[in-house]
Amino acid sequence: MQTKLRTKASATLTVNNKQIELPVYEGAVGPDVLDIRKLYGEGGVFTYDPGYQSTASAESQITYIDGDEGVLLYRGYPIDQLAEQSNFIEVCYLLLHGELPDAEQYKTFEKAITHHTMLHAQFDRFFEGFRRDAHPMAVMVGTVGALAAFYHDSTDIDDSYQRMVASHRMIAKMPTIAGRAFKYTIGQPFVSPRNELDYASNFLRMCFAVPAEDYVVNPVLARALDVFMILHADHEQNASTSTVRLAGSSGANPFACIASGIACLWGPAHGGANEAALKMLDDIGDVKNIPDFIKRVKDPGDDVRLMGFGHRVYKNYDPRAKVMQKLCHAVLKEVGAENDPMLKVAMELEKIALNDEYFVNRKLYPNIDFYSGITLKAMGFPTSMFTVLFAVARTVGWIAQWAEMIEDPSQKIGRPRQIYTGAPRRDFVAMDKR
Ligand code: SDX
C-alpha cells in the first residue's frame, strides 16, 4: 500500500515544559490525525487511550465509516448499493484488490476461490477431537489455526504469491470448515463443497444437506445469506480486525492470524452479539415484558444491556442494520414465519428504544446484530452458529486488512505501552519473614 497521507498542519503540544511540534495529517475523508510517534522520544510521555477511542492504529484504504452520518463504504462504494447490486464474491474481489472486477477478472477470481474450497482429507480428523456439544466457535478457533499445519506452501508472508494463495484458501475454506463445525455438533455426516454452486448456496448445502435426500437450494435464502455476508465483510479497525493486524505485525502466518480474529469475534460485545441478541429476545419472550426489561437496562445496578444496540463508532443508525431489517422480513416471509413472535418483540423493542431518552441520549441505535439473529434463526441456523457465519463473512475483511498491513512500508510490530500504577521496586521477602 502506498501512503496517501497529506501533511495539513502541525499541532504544538507543551509537555514537561517543552513545546513539541506534532504533524497533522489529512486522509481522503474523515477526521485528521495527529502523528504522535515522536512524543515519547521528545516529550517523555505516552498517550493514554484504553479501548483506543481516539486512536488511529493504521492508515487504511479499504473501509470507511462515518459513525455520525451512518455511512459505511467498501473501497468508496456505499454498503446499501453493494448489498442491492453486488454479490459476496465480487465484494471479496473489491476488498482485496481495491476495484470492482471486470467480467474476466470476476470469472478468474471466482474460479480461484472455488478451486480451494476442499480441505485436506486428513483435516477432517481434527473435528473428532472435540466433544459433540462443543460450541462451533470453539471448533472454528481450533481448526482454522490448524490450517497452518497443512498448507505450509502459503505461510511465507514475504512472498506475495503465497499471500495471495493463503488469502484465496482462507476465503474458500471457511464455509467448508464452518459447515463441518455445524455438522459435527449435530452428529450428521460432513458434506463436501460442490464446484457448480455459488458461494452462499455451497455453504447452505454443506450445512443443511443430508445423504438421505437431495438438497435443493432455496434461491431466496441463498441470496439472503449472500447479502448477510456482504454486510459483515469488513468494518475498518474493529476489535477482531485489530487483533488480526496485531498478530500479523509479528510475522505470524495468515492462518494463525485469522484464528486470532475468530477468537476475538466470539465475545458478546463484538461478533457474539447476534447470538446474545437472539437470547435476549427469547428471554423477553413477549411484548408485554419489554417495559420491565427496559427498566433493568436502565438500572445502573444491573449490568444487563440491550444486545444488538449501541456501537463504538455508529452514533446513528448502523446502515447495515437497515439492510438487515429488510432482509429479515424477506426471509421470514419466504419461510412463512412473518408472524414470528420474536420479530414482534424486536420491532416493539426498537420502537421503544428509539424514543426513550436513555438510549437517545447515549446515541444507542440498533446495530447489525439486532436483526441478524432472527434472520439466521429463520434460515434454520441454531444460535450457536450465528457468530460462525459472521466469522465466515468477516474472513475477507481480516485477510484484506492483514495484507494491507503487510504491504504497508511503515508497519512495525504492534507493541503498545502502558501507565504503571503497581508496586514500586521492592526486595524479595523470605517465607519465614512474611
Ligand atoms: C459489532 O467495532 C465494530 O465495528 C464492531 C462491529 C463490526 O462489524 O465489526 O460493528 C460488530 O461488534 C457490533 C456491536 C455488537 N455489540 C452489541 O450489540 C453488544 C451491546 N452493545 C454494547 O455492549 C456497546 O454498545 C458496544 C460494546 C457495542 C460499544 O460500547 P462503547 O462504545 O464502549 O460504549 P460504552 O460501553 O462506553 O457505553 C456508553 C454508555 C454506557 O452508559 P453510561 O455508563 O454512560 O451510563 O452507553 C451504555 C453504557 O452503559 N450502553 C448501553 C449499551 N451500549 C452502551 N446501554 C444499554 N444497552 C447497550 N447495548
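**Exercise 1.** Determine whether the end-to-end distance of helix α13 (residues 319-334) agrees with the span expected at 1.5 Å a residue.

*Solution.* Helices here are DSSP runs of H or I with at least four residues, numbered from the N terminus. The expected span is 1.5 Å times one less than the number of residues. For the 16 residues of α13 this gives 22 Å, and the end C-alpha atoms lie 23 Å apart, so the two values agree. The model is predicted: local features need pLDDT of at least 70, side-chain atom pairs count only at pLDDT 80 or more, and totals for chains, interfaces and linings use all residues. Residues are numbered from 1 along each chain as its sequence is written, and side-chain values use heavy atoms, without hydrogens and water.

**Exercise 2.** State which residues of α13 are buried, and what covers them.

*Solution.* Buried means under 20% relative accessible area (1.4 Å probe, protein chains only). Among the buried residues are Pro319, Arg320, Val323, Leu327 and Val331. An α-helix has 3.6 residues a turn, so residues three or four places apart point the same way. The cover, by contact (heavy atoms within 4.5 Å), includes β5 (71-74), α8 (219-232) and α17 (386-406).

**Exercise 3.** Identify the polar contacts (pairs of N or O atoms within 3.5 Å) that the ligand makes with Phe309, Arg320 and Arg394.

*Solution.* First, a ligand nitrogen is 2.9 Å from a polar backbone atom of Phe309. Next, a ligand oxygen lies 2.7 Å from a side-chain N or O atom of Arg320, a buried residue of α13. Finally, a ligand oxygen is 2.8 Å from a side-chain N or O atom of Arg394.

Note on methods:
Helix = DSSP H or I, 4+ residues; strand = E, 2+ residues; numbered from the N terminus. Buried < 20%, exposed > 50% of the residue type's maximum accessible area, 1.4 Å probe, protein only. Polar contact = N/O pair within 3.5 Å; in protein donor to acceptor, adjacent residues only side chain to side chain.
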